[in-house]
Every structure is written in C-alpha cells, then in structure tokens.
Amino acid sequence: MDDPRTRSFPHPRTPASAAASAPATPGSAPGPEPAPAGRSPELYGTLDRAAGHAVASPALDGLVGGILAEVASGARAVRAVAHPLGFFCLPVLRDGVFGVCVHVFGAAADRPDPAGGGPGPDTREIHCHSWELKSSVLYGRVGNLRVAVHDEPDRPTHRAYEVHSTAGADEIRPTPRLVRWEALGGRTSTRGETYTLAAGEFHATVLPGGAPAATVVLGRSVPGPVDVVLGPVDGAARRVVRRQCDAARTARIAGATARRLRGCG
C-alpha cells in the first residue's frame, strides 16, 4: 500500500470541485473562503518568503500587521467570515490559484457562536484540502495532527464526504467510500513557527486549551485533489452556510488581532 502521508485521497475530480481554489483554513474541513483580489501581485510571494519553511522571518509580523491595520481602517475591502468550526477567517488575498487568509481563534474582540453554525474551536475534524497549505503562527499555540486514512468497507468508523464550496456555503456530500483513520503524529507550533501540508493530506487542527491564537495561511490550488472531510458512516448530505461579518465587526476583529500581534513583539 502506498504511504498515505505522501499520496492524495483517491476521489474522482468533478467540475463542481474545481471551485475550491483559495485557502480557508488549516483546521477547517469546509473549503476555501472567498477573497478579494489583492492590490499587489507580489504580496503572496512576499508573504511566502517571510513565512519560510519551518521558521518565519521577523518581517512577517510587520507585513501581516500592516494588512490587519488596513482591514481595521476600512482601507482594504475585506469582510471576516465566522467559520463553522469556530474561528474567524479574514480572506485578504486571491490572485489566481494563490490565496492568503488570516485565521483568528478565540478572538479577544469577538468570537463565532458555535451554536449558530457548527462546533467550537476545540473540535477535532479530520479533513484534507484541495490546495497546498503553508501556515505560520502569529501568536498563541496551534496543534496539527497528521492522519492516515484507510479503506475499511467491513468495519468502518467514518464515511468520506466531499466538500463543494460556493461564495457563501459549503455543500457536504457523502461518498461511497467507508474508511478508518489512525494518527501519524502531532505537532504544536508556537509563535514564529511554520508548518506545511500537501494537497490531499489528511489532518486535524487542535487549539490547545482553547487559548487565543492566530495564523496566516497561504494556499496554492493544484489540480487533482478535492476537499474531503470524514463524518458519520450513516450521515446525510448537508449545507453549511458561512456567516459574513459586517464592517464594524470585521474592524473589531482585525484591530484586536493587530494589537495582540504588536504586543508579542
């Protein structure tokens, strides 16, 4: 059997899945958030270099802090999205196959209401993305559990569900594939550390103790893999609506995140 750490989950590519093209969340099963076009086509490359491979450059704080200040002031036209998994996403860039989001867990100014759209930030949901992920921790601690998924038609623990995303919702559709999973190993990243995931690689994000944290997430869409989440064996199709914040709430989230980031320096 192929090493599951290095291969994509073998789902057929469908036209609807091609809509998943920009990052949403490490730690989120639903697909990418809609993001406005960036002002500079060089922004993704600049952030990518600053994030590094394992350790971020000190310049990353200033770059992200400047973006957050623009969002808080209204100079950058972004609306935060209250993600169903219990965090806020600030989709700050989409440039073709590239995307950048800031994810805010346990925001000091505000936080999503889990009862209004899904589980809270401590929920472990095993999923894979259709895009390559690079995530740098801006503050706090973020755990990443890498997972192997095996076919198990006789005694499955989960069913695989494809996630097809539109601008405001995720359509979560059961597939015939029955599986079980096993943990391959976990890692908790702290401020200034960067971790990466290949497209199609299963994982789960865990927020240790539910303490506040924020990450900047860079994604690059690749052909082939689809967004997949593991769910109940007997589950049905469902639609999860993403709630967009208004300008005032977005400004509070971005401002509080920027202040906390400055306080870490």
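In the predicted model, F87 is buried, with a relative accessibility of 1%. This residue lies in strand β2 and is linked through an aromatic pair to F105 in strand β3, 18 residues apart in the chain. The two rings are tilted, with a centre-to-centre distance of 5.0 Å and an angle of 40 degrees between the planes. F105 likewise counts as buried, because its relative accessibility of 4% falls under the 20% limit. Both F87 and F105 belong to a nonpolar core of 14 residues that also includes C101 and Y195 and is separate from the largest one.

The structure holds two aromatic pairs. Besides the pair of F87 and F105, Y44 and F98 form a tilted pair, with 4.5 Å between the ring centres and 45 degrees between the planes. This second contact connects helix α1, which carries Y44, with strand β3, which carries F98, across 54 residues of the chain. The burial of the two partners was also computed. Y44 is buried, at a relative accessible area of 12%. F98, in contrast, is partly exposed, because its relative accessibility of 27% lies between the limits of 20% and 50%.

The largest nonpolar core comprises 30 residues, and V64, L90 and L138 have the most contacts inside it. At least two residues of this core are supplied by each of the helices α1 (43–51), α2 (59–73) and α3 (247–263), and by each of the strands β2 (87–95), β3 (98–105), β5 (131–139) and β11 (213–221). Helix α2 provides the largest share, five residues. The surroundings of L90 were examined with residues up to four places away in sequence left out. Under this condition, L90 touches L68, V71, V78 and A80, as well as V100, C101, V102 and V104. The contacts of L90 further include T250 and A254. C101, one of the residues touched by L90, is itself a member of the separate core of 14 residues.

A polar arrangement was found around H127, a residue of strand β4 (residues 127–128). H127 is buried, because its relative accessible area is 0% and the limit for burial is 20%. The side chain of H127 reaches the backbone oxygen of E125 at 2.8 Å. In addition, the side chains of H127 and H129 are joined by a polar contact of 3.4 Å. The buried H127 thus has side-chain contacts to the backbone of E125 and to the side chain of H129.

Key: Residues are numbered from 1 along each chain as its sequence is written. This is a predicted model: local features need pLDDT of at least 70, side-chain atom pairs count only at pLDDT 80 or more; totals for chains, interfaces and linings use all residues. Side-chain values use heavy atoms; hydrogens and water are left out. A nonpolar core is a set of buried Ala, Val, Leu, Ile, Met, Phe, Trp, Tyr and Cys residues joined through side-chain atoms within 4.5 Å. Buried means under 20% relative accessible area, exposed over 50%, partly exposed in between (1.4 Å probe, protein chains only). Helices (H or I, at least four residues) and strands (E, at least two) are DSSP runs, numbered from the N terminus. Contact means heavy atoms within 4.5 Å. A polar contact is a pair of N or O atoms within 3.5 Å; within protein, one must be able to donate a hydrogen and the other to accept it, and residues adjacent in sequence count only if both atoms are side-chain atoms. Rings of Phe, Tyr and Trp (its six-membered ring) pair if their centres lie within 6.5 Å; planes under 30 degrees apart count as stacked, over 60 as edge-to-face and the rest as tilted.
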